[in-house]
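Here are three short exercises to work through with the model open beside you. Try each task before you read its solution.

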Amino acid sequence: MLADKSVLFQTHIGFGGAFTEAAAHTFHRLGSKNREALVRAYFDNEVGHGYTLCRTHINSCDFALGNYASVEQAGDTDLKTFTLDRERREILPLIKEALAATREKVLLFASPWSPPAWMKTTERMNEGGKLKPEHRAAWAEYYVRYIREMEVEGLSIWGITVQNEPAATQPWDSCEYTAEEERDFVRDHLGPALKRAGLSDVKIIIWDHNRDMLVHRASVAYHDPEAAKYIWGAGFHWYVADKFDNVRLLHDAWPEKHLLFTEGCQEGGPHIGEWALGERYARSIINDLNHWTEGWVDWNLLLDETGGPNHVGNHCSAPILADTRTDTLLFQTSYYYIGHFSRFIRPGARRALCATTSDAVEATAYLNPDGTLAVVVMNPLEHNTNIELSVGNDRSLIQQPARSISTFVYPA
């Protein structure tokens, strides 16, 4: 296995997770000691993961306590009744505590799952539907208003995704866009609205859905110069199929555009203590990074012992779960596997050339701004494997235990 820091690729933005209402509600059910421990575990850059890239939701998502929107009054296209009162209850206090726990800048991006029900063809936030054509302009201004109201709260929005999972009709908060509809909304409404508001520095991220259709969907917008000029890049999730090659293909076709993993979690309940969860995370992170992804964001930062709360029963796992009956934090294998990357690959790092000689080993390498080189190696097999790791003039023979992950840090 070879790692060569003289050959460098994309610059890394950061790792992180999502501030959902479910995470915030669970957080506030903990005692003060565990609330502090949770925040430090994720955001402290000395004893924790040092997260620097996080997501939150505009209006409700499935991991909320129910449907809600910042403008509930039907027909209020001027957004006179816009409010973040719901977020002020639990989400914003969690975000502010998290940001106070780190000395590094945390980039925050926001995603809508659905416009308010009255803006949609179905008059419902759940079960798909589309944005009514007559409300496209108002919906674009809704993003602007959200960003400005977050600024009033002392929170800067680094980026927005146009729509979470726009190709899916979900039992929960969802809204459908074809590739052409998403392109046109960005070109004719969202991009111009941000520009008029002096928010052109806010990154617009399209797709925000699975890797399988990443190239198909992004290419429609990228082929339109007027739409593409507003778009920073494409976000993607890991559900349905791995299709890591699609990530590389999109970069190869449009190398000036950026790639961001915006969501991934283990579905179907909490999966407490399962080792395979961590391996799923590591495999995705290694392959996404090696295929030009610039940042990697987990889904819920925290869930309860049921894998919720979720207002439609779509329970999932999270790297840290809380048994709210006993006020106990349950650290999952996914937490520790993520740490092998987030603690040693820091914002501003450059991916370095890294090659393995066996399918049994998966690896990536990054040159950090301080000159250290971090090499992450995973052995997913059921037996130990011997690896000769070559870094410059250094040759190390290491035995990677069965089903394990290691990070090797080389000094500057």
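A helix here is a DSSP run (H or I) of at least four residues, and helices are numbered from the N terminus. Keep in mind that this model is predicted.

**Exercise 1.** Place Tyr335 in its helix, decide whether Tyr335 is buried or exposed, and list its contacts.

*Solution.*
- Start with the helix: Tyr335 belongs to H11, which covers residues 333-342.
- Next, accessibility: Tyr335 counts as buried because its relative accessibility is 3%, and the cut-off for buried is under 20%.
- Now set aside neighbours within four places in sequence; Tyr335 then touches Ala41, Tyr42, His49, Pro319, Ile320 and Arg343.
- Finally, look at the side chains: Tyr335 and Arg343 share a polar contact of 3.1 Å.

**Exercise 2.** Do the same for Asp288: which helix holds Asp288, and is Asp288 buried or exposed?

*Solution.*
- The helix is H10, residues 275-290.
- With a relative accessibility of 0%, Asp288 counts as buried.
- Beyond four places in sequence, the contacts of Asp288 are Arg211, Phe236, Phe244, Val247, Phe261, Thr293 and Trp296.

**Exercise 3.** Describe the largest pocket: what is its volume, and which residues lie closest to its centre?

*Solution.*
- The volume of the largest pocket is about 270 Å³.
- The lining has 17 residues, and Lys105, Val106, Ser156, Ile157 and Trp158 are the closest to the centre.
- Helix H4 (91-100) and strand E4 (107-112) are the elements that each give two or more residues to this lining.
- By residue class, the lining has eleven nonpolar, five charged and one polar.

Conventions:
Residues numbered from 1 in each chain as written. Predicted model: local features only at pLDDT ≥ 70, side-chain atom pairs only at ≥ 80, totals over all residues. Heavy atoms only, no water. 1 Å grid on protein atoms, 1.4 Å probe; cavity = no way out; pocket = protein on both sides within 12 Å on 5 of 7 lines; lining within 4 Å. Points joined across faces, edges and corners; volume = space filled by probe spheres on them. Nonpolar A, V, L, I, M, F, W, Y, C, P; charged D, E, K, R; others polar. Buried < 20%, exposed > 50% of the residue type's maximum accessible area, 1.4 Å probe, protein only. Contact = heavy atoms within 4.5 Å. Polar contact = N/O pair within 3.5 Å; in protein donor to acceptor, adjacent residues only side chain to side chain.
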